[in-house]
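Student: I have a model open on my screen and would like to understand the labels people put on it. Could you go through some of them with me?

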Amino acid sequence: MINRFLTVAFVTIALSACSQVEKEYESPVGYDFNKPELIKMPSNLVEISGHTFANSDKETIYTIQDEDAIVYSLKPDGSVTSETKFGKHGDFEDVAIVNNYVIILRSDGTLLNFPFSEMGVAHTSLVQELPNLLPKGEYEGMFARSDSKEIYVLCKKCEADKNQEQLSGYVLQMSDSGGLTAKSTFTINTASIFEKLGSKKTKFNPSALAFNSQTKEWYVVSSVNKALVILDESWNVKNVYKLNSSLFNQPEGIALEAD
C-alpha cells in the first residue's frame, strides 16, 4: 500500500505530465517512477503544495492549495470530500496531522494549527498561530511523527546555511494542547547530495519530506533540483534519485501512508 500512495504523492502536483517516458529513471526498491499512477485533480487544486495522511486512515488524503487557507480532504481518486477554511490567503507550503491537530506551515516559518475535529467545518475559528518558533527564512517541507509528537521542518533558504554545504532542520515538540516548543536541530550535508547526483551545484532547496517507518529512512523531495533524497534516521545521505521533469514537473509534496 505504501507504494501506491508514494506514487500519488508525487503525481498530484504533476498535472500536466505526459504519459510516455523516453528515458528510464532509477527508482528506490519497491517503487517505479517510470510508470506512476496519474490522478487528475479538480480545478481548485491546480497547485497542491503539501499533503498528508491522518493516523491509520489509508483512504483519505489531506492537502492544501498554495495561497488558499483551506485544508481539503480527498479520496485516492482525487475527489474532494470536505473543505475547511482556516484563515486568509497566504503562502502555505505543507500540512501535517498529529495528536488530533492539523498543522499548517507558512513559507515564513510561522505554524498554524486547529483541532482535527474541525475537519469538515466550513470555516474553523479554532486556529492557533505560532510564530517565532523558527529562525527567519523560507520553509516548504514539514513532517509530524505520531509516535513522538515531534514536528520536523526543513529550511529551503535560511541564513544559517548561506555559503555552507548544509541544510538546516528544526525539531519542535507538540504538547497535548497543541502548543509547540523548540526541541533540537539537525543538518543535512548537501555536498554529499550533489556528489551522488554527479552535479557541481551547491544549493539544494527541499520542498517536502516524509519518514518511512518501515525502513527508518527520511525521504526529501526537491522541486527545484528535481530529485528525491533518501537519508538514514540520523540524516546521513544514502541515495539520491533524479526525477523525470516530464512526469514530476513540480514535485512539492510527498506522503507515505501510516503502518
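Student: Thanks! What makes strand 14 and strand 15 count as a pair, and in which sense do they run?

Tutor: Keep in mind that this is a predicted model. Pairing calls for at least two bridges between the strands. Strand 14 (residues 217–222) and strand 15 share 5 bridges, in the antiparallel sense, so by the cut-off of at least two they are a pair. One of the partnerships to look at is tryptophan 218 with leucine 231 in strand 15.

Student: How many residues lie between strand 14 and strand 15 in their hairpin?

Tutor: There are 4 residues between them, and lysine 226 in that turn has a positive phi of about 50°. Strand 15 also forms a hairpin with strand 16, with 5 residues between the strands. There, tryptophan 235 has a positive phi near 70°.

Student: How do you know that strand 15 pairs with strand 16?

Tutor: The test is again at least two bridges. Strand 15 and strand 16 (residues 237–242) have 5, in the antiparallel sense. Valine 229, for example, has valine 240 in strand 16 as its bridge partner.

Student: What is the order of the strands in this open sheet, and which strands stand at its edges?

Tutor: The order is 13-14-15-16, with antiparallel pairing. Strand 13 (208–212) and strand 16 are the edges: each has a single partner strand, so one side of each lacks a neighbour in the sheet. From one strand to the next, the twist averages 20°. Strand 13 meets strand 14 over 5 antiparallel bridges, and leucine 209 is partnered there by valine 220.

Student: Why is strand 15 described as largely enclosed?

Tutor: Buried means under 20% relative accessible area. In strand 15, 5 of the 5 residues are buried, so the strand is largely enclosed by the rest of the structure. In a regular strand, side chains alternate between the two faces of the sheet. Here both faces are covered, with Ala227, Val229 and Leu231 buried on one side and Leu228 and Ile230 on the other. Helix 2 (residues 190–197) lies across strand 15 and strand 16, at about 50° to strand 16.

Student: Let's try a loop. Is serine 107 buried or exposed, and how do you know?

Tutor: Serine 107 has a relative accessible area of 14%. The cut-off is under 20%, so serine 107 is called buried. You will find serine 107 in the loop between strand 6 (101–106) and strand 7 (111–115). Beyond its neighbours within four places in sequence, serine 107 contacts Asp91, Glu93, Gly137, Glu138 and Tyr139.

Notes:
Residues are numbered from 1 along each chain as its sequence is written. This is a predicted model: local features need pLDDT of at least 70, side-chain atom pairs count only at pLDDT 80 or more; totals for chains, interfaces and linings use all residues. Side-chain values use heavy atoms; hydrogens and water are left out. Buried means under 20% relative accessible area, exposed over 50%, partly exposed in between (1.4 Å probe, protein chains only). Contact means heavy atoms within 4.5 Å. Axes are lines fitted to C-alpha atoms, for helices over the stretch in contact, and angles run from 0 to 180 degrees between N-to-C directions.
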